[in-house]
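Hi,

Here is the structure I promised to pass on. Have a look at it first, and then read on for what I found in it.

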Amino acid sequence: MPLLSLSAARLASLEAVAPAASGRVPLLDAHGRFLAEEVRASRTLPGCDNSAMDGWAVRAEETRGANRDQPARLRVIETVYAGALPTRALQPGDATRLFTGAPIPQGADAVVRQEAARATPEGQAVDIFIQVRPGHDIRRRGEEVLAGAPLVAAGQHVSAAVLGVLASQGVTHVHVRPAPRVAVLATGDELVRPGEPALPHQVYESNLVLVAALAREAGADVRHLSRARDDEQALREAITRAAPEVDVLITTGGASVGDKDHVKRVLTSLGAHFLVDGVALKPGKPVAVARLGRTAVVVLPGNPGAATVAFDQLARPLLLKLQGVLEARRRVHARLSEARHKQAGLAYLITATLEHDGPTAPRAVLRPQGAGQLLQNLHADGWVILPPGRADYSEGELVELELFDRPRLQAVDAAPAGLEP
Ligand SMILES: Nc1nc2c(c(=O)[nH]1)N[C@H]1C(S)=C(S)[C@@H](COP(=O)(O)OP(=O)(O)OC[C@H]3O[C@@H](n4cnc5c(N)ncnc54)[C@H](O)[C@@H]3O)O[C@H]1N2
Ligand code: MOO
């Protein structure tokens with residue numbers, strides 16, 4: 001199979017999965033999932049004009065000219081707490097004592113907070129020390145949202161903020177799709193389990209925890225972590241054990257062309273159907289995506305830096321699609337901090353930090369890059385994308401940077417045709 005371009009590989013790999021059926025769950029169980037439905041406001045909020053402060057409801061015109069030396073004296077006709085209703089309308093010269101959240105009585109058009117007034121000892125009257133305008137310290141009915149307005153779109157991540165909004169509407173349950181079940185399998189004879197002694201030629205196995213955490217960040221339920229030797233039989237057994245239990249099996253290592261790189265061969269012998277086998281991408285070129293029975297399989301290269309890029313570009317979209325979500329990262333233009341030479345036929349993704357140093361486009365400061373390295377990923381703002389078709393880039397040249405932060409999320413079925421995932 002020839003190397004696919006990154007965008008072609010993305011589209012091809014998304015064919016490996018379809019969104020799971022959604023179910024209705026209690027609000028808190030939806031935390032961290034993605035909404036499978038649009039939620040509209042069923043209530044207008046606030047539901048009525050109410051006080052933003054503890055104080056007195058007044059007729060604003062009756063505070064004209066009031067100050068500490070010449071307060072406006074008003075008669076207090078009743079006290080209203082949040083959750084109660086006023087029973088009397090304000091007539092000229094009246095005020096109602098009320099507390100934050102209490103409904104505004106008829107006839108009142110402003111609130112004076114209690115620090116700007118003083119009640120007489122018996123509480124029958126109040127001296128107002130400030131002049132207020134109509135609307136002062138009143139939260140207006142509907143100023144937050146009107147019944148029927150869209151609140152949260154399908155595909156949105158259910159954060160604490162989203163849950164708060166839904167609860168404020170009296171919602172108890174929402175539709176979400178279940179977390180995709182994931183297994184991660186690391187291969188490599190040179191790998192040593194963290195915690196055990198490692199000689200200089202040996203490597204601590206770090207991809208299991210790395211990939212499991214990346215999968216969780218994409219909403220997955222990581223069920224199964226395992227390791228296998230670079231041995232066809234051991235790999236066959238490990239894959240056969242893990243795959244049927246999960247929606248997505250992610251392997252790392254043994255993906256390339258070396259004598260001990262058996263993963264793709266073993267998958268083929270088990271009947272896997274490859275949708276992607278190699279991408280014009282660096283790092284991450286050997287990545288593959290296949291279907292093995294009902295399980296999608298993503299074969300990541302063993303180099304941790306390459307595994308990170310390949311996961312981000314192919315496994316993450318696939319996990320999100322299972323949850324009904326299409327993610328589009330924001331892109332900005334930035335000036336390259338240094339010249340770069342690359343292989344012309346490949347797209348390069350290089351971690352970078354953005355530095356805003358003036359009125360022009362920000363600088364993309366490239367992190368030291370190596371497919372085997374991970375430190376480059378710490379504190380990065382995104383990937384600089386150097387597309388295929390060119391080999392040399394000069395310092396200061398404008399390039400595109402894909403930001404990790406605040407991607408746009410949409411429901412898969414709501415995505416307009418032609419939007420590149
Ligand atoms: N002759 C060629 N050699 C290579 C090619 C090629 O096209 N022709 N491709 C290169 C590319 S690109 C990559 S990326 C690597 C990845 O290949 P593998 O997936 O087969 O990775 P391994 O050989 O198993 O390991 C590579 C490297 O990563 C370390 N590693 C592996 N697993 C882990 C782990 N779980 N935790 C930490 N580190 C791990 C391993 O020790 C190796 O250093 O192949 C190139 N070769
Ligand atoms: O994917 Mo490899 O990391 O390009 O060397």
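Helix 3 packs, through its buried residues, against strand 13 (181-187), strand 16 (221-228), strand 17 (248-252), strand 21 (295-300) and helix 6. Please keep in mind that this is a predicted model. The buried residues in question, within helix 3 (residues 207-217), are Asn207, Leu208, Leu210, Val211, Leu214 and Ala215. They sit on the same side of helix 3, because the arc they cover around the axis is only 170 degrees. Just after helix 3 comes Gly219, with a positive phi of about 90 degrees.

Asn207 also turns up at the ligand. Along with Gly253, Ala255, Ser256 and Gly302, Asn207 is among the closest of the 26 residues that surround ligand 1. If you are thinking about the chemistry of that shell, its residues divide into 11 nonpolar, 11 polar and four charged.

Strand 16, one of the partners of helix 3, holds Arg223. Is Arg223 buried or exposed? Neither, quite: Arg223 counts as partly exposed, because it has 16 C-beta neighbours inside 10 Å, and a residue needs 20 or more to be buried. Leaving aside neighbours within four places in sequence, Arg223 is in contact with Arg181, Val182, Ala183, Glu245 and Val246. Glu327 is another matter: Arg223 and Glu327 are 104 residues apart along the chain, and their C-alpha atoms are separated by 24 Å.

Helix 1 (residues 6-14) has buried residues too, namely Leu6, Ala9, Ser13 and Leu14. Seen down the helix axis, these fall within an arc of 130 degrees, so they line one face of helix 1. Their packing partners are strand 18 (273-277), strand 19 (281-282), strand 20 (288-292), helix 6 (304-322) and strand 25 (347-355). Helix 6 therefore appears in both lists, packing against buried residues of helix 1 and of helix 3.

I also looked at a loop. Pro71 lies between strand 4 (55-58) and strand 5 (72-80). With 17 other C-beta atoms within 10 Å, Pro71 is partly exposed. Beyond four places in sequence, Pro71 touches Ala66, Asp127, Ile128 and Phe129. Val126 is 55 residues from Pro71 in sequence, and the two are 9.1 Å apart in space, C-alpha to C-alpha.

Now for the whole protein. There are six helices and 30 strands. The radius of gyration is 30 Å, whereas a compact globule of 421 residues would have one near 22 Å. Taken along the principal axes, the C-alpha atoms fill a box of roughly 95 × 50 × 50 Å. Buried residues make up 38% of the 421 residues. Among contacts with a separation of 6 or more, 73% are between residues 24 or more positions apart.

A last word on confidence. The mean pLDDT is 94, and 97% of the residues reach 70 or more. For the complex, the predictor gives an ipTM of 0.96 and a pTM of 0.90. One stretch to watch is residues 417-421, where pLDDT stays under 50 and the model has six contacts beyond four places in sequence. Where pLDDT is low, the predicted coordinates should not be read in detail.

Best wishes

Note on methods: Residues are numbered from 1 along each chain as its sequence is written. Chains are lettered from A and ligands numbered from 1 in the order in which they are written. This is a predicted model: local features need pLDDT of at least 70, side-chain atom pairs count only at pLDDT 80 or more; totals for chains, interfaces and linings use all residues. A residue is near a molecule or strand if its C-beta atom, placed from the backbone, lies within 6 Å of it. Ala, Val, Leu, Ile, Met, Phe, Trp, Tyr, Cys and Pro count as nonpolar, Asp, Glu, Lys and Arg as charged, and the others, Gly among them, as polar. Helices (H or I, at least four residues) and strands (E, at least two) are DSSP runs, numbered from the N terminus. The radius of gyration is taken over C-alpha atoms; the globule rule is 2.2 Å times the number of residues to the power 0.38. A residue is buried if 20 or more other C-beta atoms lie within 10 Å of its own, exposed if 12 or fewer, and partly exposed in between; C-beta atoms are placed from the backbone. Two residues are in contact if their C-beta atoms, placed from the backbone, lie within 7 Å. The arc is that of the directions from the helix axis to the C-beta atoms. pLDDT is the predictor's confidence in each residue, from 0 to 100.
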